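Here are a few exercises to work through with the viewer open. Try each task on your own, then follow the solution step by step.

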Amino acid sequence: MTEFESVEGFGKLIETVDELYARPRRRCRYADTPPILGCVVAPEGTAGGPDERPDPIPAQRLVEAIARRLEAKDGKTKIPYAKVLQEPETVQPPASAVLAELGTADVLALQEVLAQIADKLAVDTGGSYRFPRFWLLSWLMKQELSTQENVKVRRRELRDLLYHRSITRASHGGTAAGDLKGDLPVWVRVLWVVLLPLYFWARHSGTVPGIGRSYRWFLRQNDVAPGNGNFFELALRLTKDQWTTEKAEQVARLLVNAFLEDLREDFRGAGWIHRYHTTFPTVLLGRISRRNGGYTLLRMVAEVRNDLRLFDPLLLITTGNRVPPLAMPPRPKPQQPAEKSLLASWRERRDNESRQREIKAWLIDVTVGQPADEQREQPVAAARTGNGVRQRLLRRRTAAGTTKTTPPTTQPLRTPPKHLHRVPRPWWRTRRGGALIGFVVLAVSFGSYAGVGYADNYRHCGDGFTWLGVEPATTSVTRIDGTCIGVTDGSNELLLPGSAFDEVRSTIYAQNQRSSALSKSQPDRPLITLVFMSSAADQGSSDGVMTAEREQLAGMAVAQAVQLNKAAQAYEPLLRVLIANAGPQLRQGERVANQLGRMAAADPSIVAVVGMVQSRESTATTIRALAAVGLPTVAATLTADTMVQVSKLYFQISPQNAREAKVAARHVSQLLAKGKDPFGRPLARKATIYKSDDLADTYSQNLAADLKLSLAERGIPVRVESFTPAGRQPATLDAGTAGSAACDAGGVVLYAARGLVDFPAFIAGIADHCRSQPPYVLAGDDVTTYVADRAVSGANKSVPFQYLSLALAPELSQDPPPAASDFYQQLDNLFPYEKSARGRTLDGHAALNYDAAYTVVLAVSYLRRDRVAINGGTVWTALQSVTDAGGSRRAYQGVTGRIDFGGTIGRRVPLNKPITIVTFRNGQPVPAANLVCGGPRDPETQAWCPFD
């Protein structure tokens, strides 16, 4: 018997295997559990009695024939399977009437069979299954403990054996292959000694979630009573000399249950790191008998399935000479309809027989007969074989004259497949699919990470990307309404937008690094931090406003450089500069002030805030918020009278609007007395003041009120007109229309609104309406921002005017004082662009902010000399001491004039701070026409100038 291709029953067997071996779905159910195919190969001749000697060869060849269907044509494994051939029986005992009770020999035979199967299934050709529970149980059943009396001693001995089993390389039986501990570093061995026993205690106890899952299973199984819920009590009862005292059937069930549970868990293939099986684990078990464990395995598998009613994937195919489980001789079966398969018949009876706990509920016995050429007396059986066999029979019968030549009408079975095809894995479970999914997951993960990083970077105005989890996310700067709001040390390029700030910002950042390094090498020198408060916007800010704030920041950089270059003296502080932006018109000033308060609490070196450009309600709110966190403010260009009343921690370097108004009124009186303006045109004795109708613009409202009052005191008739500034819906006039109306106003036109962006429109309105005979215009100090923007102011060559300036650049002064000359020389050295006509601004904001910063530096030096702690509170006190009042002689000559706060808490504004009336003509200022109103001792002060 060499081939089974034409053997009765083999075709149905292969068809049944073909229907069973493939995994039907990803999550299999109990109904998907495959049956046990018990193949019976009857020996030649008639069924014998008890002395019949079975022939093992057909059963072995049947196993090999099935195995060939599971392999590719080249002999390589195509479908994972395990092939195990049992030792043949020399004598076949007679059939049993009932199932015999199992004994110790049956359990040992079953253990040996399962071990062989597990070994074959563990390799790649078998499916690479793992059997932790079965190997643990098999290992326990082989352990012989030396002490049998004291339970505690036996438990400790077993615990040591389990520990050594876990830490050694072992085969399935647990034999040591080498100790790993000696190869480890010393520190790992120390942890090994301390932590490893705790880990194994938790693992072996089976009570800690996450570890010891296999051990925990033994406490939940129902085959052998686990005792008091402790794994070691059960394990002791399963050792070599103890398990024989348990019921053999229970131990056998435990072996099979552990085996099936391991298969079930590995077959489930949860997660991407576990192998996904597309076919059931197929086991070809040949030459089974009642003595070699084959029948016991079949019986226990069925009992476990009947009791637990859980899915398991084992497809067990057995071969032998008798029908299991009672070893009955093969008998002819009633013929089934051709359309009904073995599998369909089994499914009809499975559920009912399983509920009755019958072994045959999971058994399909398939009788495989003799080759067709040996079955001349079995025409019906032969008709069930392939077409070639029937044709051979027909030819023989025709030759013998015993049959008709008409072919039989029985419907032939389909030819069984030559080779069963390996079920392809779902594309997402293949290597390429896994690689693709891994790539997609990585791409999505990285894309999400990058997206969050870029979003965080945009939200916090970073430098392009934030490596979240690697570098700290920028939290000091936040984007609000498109503008970056917050604080930086100069490292954030986006806080102050535009290239105009880049060189100044980078210079301050570099000098901050030098200051920090120098502070470490010169620890006796105090390190203080000043905050420059700007009001820049990413969108909508004019170049002139940006230029003015850039110049203020440049003045801070000069003050910082001056301190860096001074000799190391304990009373000469080093200066660090932080750049803060509160958005357009300081609308986010309160938010930034609170942020600075938190920073100052963590870093006491932050002692004051300088800068600020415009006097508005939002500016006052910011000053109050800074005072609330204990930070004094030293404003450089603010002039509104009410600012001093906002907070006692507020100081300013510029004169107030009241002084500006008095200087303007005295100057206008001089011109009216002459009857001509500075440009030689007749001048009527009346005045019109143009201001903003924005009530939140404190500067414009206050300056207009002061001008009206001062002019009225001089007996000059005055009228006030309002216009709507740019960016708002005009309620009355806009700046251009107001300029046109000024042509018809007559007398003096006083401009008390913003220099940018309204003054260019105001001048354009005048030029459009009365270019040849423009009115005399005297503007407030904010117009310096217009003059500073030379690209804009240089285009005005037809409308001359005069404006009040709080500081003069060297180009506007015929004989600048030494302090101004030194400052501008240092400014040119730091920023070479200042030497160009376009780079140099004429508003003096750099000098004003330098004086503001240096005033704080001087106050800190006074504190250091007096050995007083340096913080925001003490700096506020020291700032008030910058005066000559009371003989203190602490006032100083700044770049923009003498700084003397008068020695009273209520003042905090320099006495007699110089104000210059600058003439602008033919697109540029005229230095020779400057009129200065300073202190009474200032030689340049005009005789008619007022004094504080």
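**Before you start.** This is a predicted model, so you should know the ground rules: local features need pLDDT of at least 70, side-chain atom pairs count only at pLDDT 80 or more, and totals for chains, interfaces and linings use all residues. Residues are numbered from 1 along each chain as its sequence is written, and side-chain values use heavy atoms, with hydrogens and water left out.

**Exercise 1. Find what stands opposite Leu285 in S6, then work out how S6 sits in its sheet.**

Step 1. Leu285 stands opposite Thr318 in S6. Helices (H or I, at least four residues) and strands (E, at least two) are DSSP runs, numbered from the N terminus.

Step 2. Now zoom out a little. Strand S5 (residues 282-286) pairs with S6 in the parallel sense over 4 bridges; two strands pair if DSSP finds at least two bridges between them.

Step 3. Look at the other neighbour: strand S1 (residues 36-41) is also parallel to S6, again over 4 bridges. Here Val40 has Gly320 of S6 as its bridge partner.

Step 4. Put the whole sheet together. It is an open sheet of 5 strands in the order S2-S5-S6-S1-S7, with parallel pairing. Strand S2 (81-85) and strand S7 (363-368) are the edges, each pairing on one side only. From one strand to the next the twist averages 15°; such angles run from 0 to 180 degrees between N-to-C directions, with axes as lines fitted to C-alpha atoms, for helices over the stretch in contact.

Step 5. Check the S2 side: 5 bridges join S2 to S5, which run parallel, and Tyr81 stands opposite Thr282 in S5.

**Exercise 2. Is strand S6 enclosed or open, and why?**

Step 1. Count the buried residues, where buried means under 20% relative accessible area, exposed over 50%, and partly exposed in between (1.4 Å probe, protein chains only). In strand S6 (residues 315-320), 6 of the 6 residues are buried, so S6 is largely enclosed by the rest of the structure.

Step 2. Split the strand by face. Leu315, Ile317 and Thr319 are buried on one side, and Leu316, Thr318 and Gly320 are buried on the other.

Step 3. Add the helix. H10 (residues 294-308) joins S5 and S6 in a right-handed β-α-β unit: with the strands pointing away from the viewer, the path from the first strand over the helix to the second runs clockwise. H10 lies across S1, S5, S6 and S7, at about 150° to S1.

**Exercise 3. Which residues is Gln86 in contact with, leaving aside its neighbours within four places in sequence?**

Step 1. Locate Gln86 in the loop between S2 and helix H3 (104-122).

Step 2. Look for contacts, meaning heavy atoms within 4.5 Å. Beyond its sequence neighbours, Gln86 touches Val113, Gln116, Leu285, Gly286, Arg287, Asn292, Gly293 and Gly294.

Step 3. Check the accessibility: Gln86 has 4% relative accessibility, so Gln86 counts as buried.

**Exercise 4. Arg287 and Asp481 have positive phi values. Is each one buried or exposed?**

Step 1. Recall the background: most residues other than glycine have a negative phi, and most peptide bonds are trans.

Step 2. Take Arg287, in the loop between S5 and H10. Its phi is near 60°, and Arg287 is buried, with a relative accessible area of 15%.

Step 3. Take Asp481, in the loop between strand S8 (477-480) and strand S9 (483-488). Its phi is near 55°, and at 72% relative accessibility Asp481 counts as exposed.

Step 4. While you're checking backbones, look at two cis peptide bonds. One joins Pro324 and Pro325, with omega about 10°; Pro325 is in the loop between S6 and helix H11 (342-355). Another joins Leu756 and Val757, with omega about 10°; Val757 is in the loop between S18 and helix H23 (758-770).
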